[in-house]
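Welcome! Here are some short exercises to help you find your way around a new structure. Try each task yourself before you read its solution.

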Amino acid sequence: MYGRTKRRIRRRKVLFTGYLSGNEIAMMYAAADVFLFPSATETFGNVVLESLSSGVPCIVSNQGGVKDIVTHEINGLKCEAGNGEQFVNALEYIINNPSVKHEMAKRARLYALEQSWDCIFDRLFSEYEEIIFYHHQILKHA
């Protein structure tokens, strides 16, 4: 997929970086227009969350842990796992539609801000309270 994607979008300002870490990766996130992450086996996808926190929309697989991080057409796009053509089309769609990219970027950042441990545990406790309340209601009417 890498070679074909590179050939297809050669005329655009695209940088294929390879492996990055530390300050290099932070600078790339900050400068990126879109983050393409086709892995179908990643269990969580910290790199996707890092990208979203930089306000960069993500294109991800519809399998693996990242499918729960990206909401299709909200903070990125989901593609069928292993379908390189869908990933290339999604990349072209975001690149060719700056207003779509801009909206997804705003929503990406907002989503990432809601992923603090405090927010996550608040939602979890709220869900537990709802389950307990529902369970008590069932017992009351049994």
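## Exercise 1: Three residues in helices

Aspartate 118 has its place in helix α6. Keep in mind as you work that this is a predicted model.

**Task.** Decide whether aspartate 118 is buried or exposed, and say how far apart aspartate 118 and histidine 72 are in space.

**Solution.**
- Step 1: Take the relative accessibility of aspartate 118, which is 60%.
- Step 2: Compare that with the cut-off: exposed means over 50%. Aspartate 118 therefore counts as exposed.
- Step 3: Go from C-alpha to C-alpha. Aspartate 118 and histidine 72 are 25 Å apart in space, and 46 residues apart in sequence.

**Task.** Now do the same for glutamate 127 and lysine 106: which helix holds each of them, and what is the relative accessible area of each?

**Solution.**
- Step 1: Glutamate 127 belongs to helix α6, which covers residues 117–140, while lysine 106 is part of helix α5.
- Step 2: The relative accessible area is 48% for glutamate 127 and 43% for lysine 106.
- Step 3: Partly exposed is the class between under 20% and over 50%, so glutamate 127 is partly exposed, and lysine 106 is partly exposed too.
- Step 4: For a sense of distance, the C-alpha atoms of glutamate 127 and tryptophan 117 are separated by 15 Å, with their positions 10 residues apart along the chain. Lysine 106 and valine 66, 40 residues apart in sequence, have C-alpha atoms 19 Å apart.

## Exercise 2: Into the core

**Task.** Work out where cysteine 58 is found, whether it is buried or exposed, and which residues it touches.

**Solution.**
- Step 1: Look in strand β2, where cysteine 58 is found.
- Step 2: Its relative accessible area is 0%, so cysteine 58 is buried.
- Step 3: Leaving out residues up to four places away in sequence, the contacts of cysteine 58 include Phe35, Val48, Leu52, Val70 and Leu77.
- Step 4: The C-alpha atoms of cysteine 58 and valine 34 are separated by 5.8 Å, although the two are 24 residues apart along the chain.

**Task.** Which residues have the most contacts inside the largest nonpolar core?

**Solution.**
- Step 1: This core has 13 residues, and those with the most contacts inside it are Phe35, Phe37, Val48, Leu52, Cys58 and Val60.
- Step 2: At least two core residues come from each of β1 (35–37), α3 (46–53), β2 (58–61) and α5 (98–113).
- Step 3: A second, separate core has 9 residues, among them Val34, Phe87, Leu91 and Met104.

## Exercise 3: Two helices and a pocket

**Task.** At roughly what angle do the axes of α3 and α5 cross, and which residues meet there?

**Solution.**
- Step 1: The axes come within 7 Å and cross at roughly 115°.
- Step 2: From α3 come Leu49, Leu52 and Ser53, and these meet Ala108, Arg109, Tyr111 and Ala112 of α5.
- Step 3: By class, the contact has 5 nonpolar, 1 polar and 1 charged residues.

**Task.** Which residues line the second largest pocket?

**Solution.**
- Step 1: The lining is made up of Phe44, Leu49, Asp68, Ile69, Tyr111, Gln115, Trp117 and Ile120.
- Step 2: Sorted by class, the lining holds 6 nonpolar, 1 polar and 1 charged residues.
- Step 3: The space in this pocket is about 170 Å³.

Note on methods: Residues are numbered from 1 along each chain as its sequence is written. This is a predicted model: local features need pLDDT of at least 70, side-chain atom pairs count only at pLDDT 80 or more; totals for chains, interfaces and linings use all residues. Side-chain values use heavy atoms; hydrogens and water are left out. On a 1 Å grid over the protein atoms alone, a cavity is a set of points where a 1.4 Å probe fits but cannot get out, and a pocket is an open set with protein on both sides within 12 Å along at least five of seven lines; lining residues have an atom within 4 Å of a point. Grid points are joined across faces, edges and corners, and a volume is the space filled by probe spheres set on the points. Ala, Val, Leu, Ile, Met, Phe, Trp, Tyr, Cys and Pro count as nonpolar, Asp, Glu, Lys and Arg as charged, and the others, Gly among them, as polar. A nonpolar core is a set of buried Ala, Val, Leu, Ile, Met, Phe, Trp, Tyr and Cys residues joined through side-chain atoms within 4.5 Å. Buried means under 20% relative accessible area, exposed over 50%, partly exposed in between (1.4 Å probe, protein chains only). Helices (H or I, at least four residues) and strands (E, at least two) are DSSP runs, numbered from the N terminus. Axes are lines fitted to C-alpha atoms, for helices over the stretch in contact, and angles run from 0 to 180 degrees between N-to-C directions. Contact means heavy atoms within 4.5 Å.
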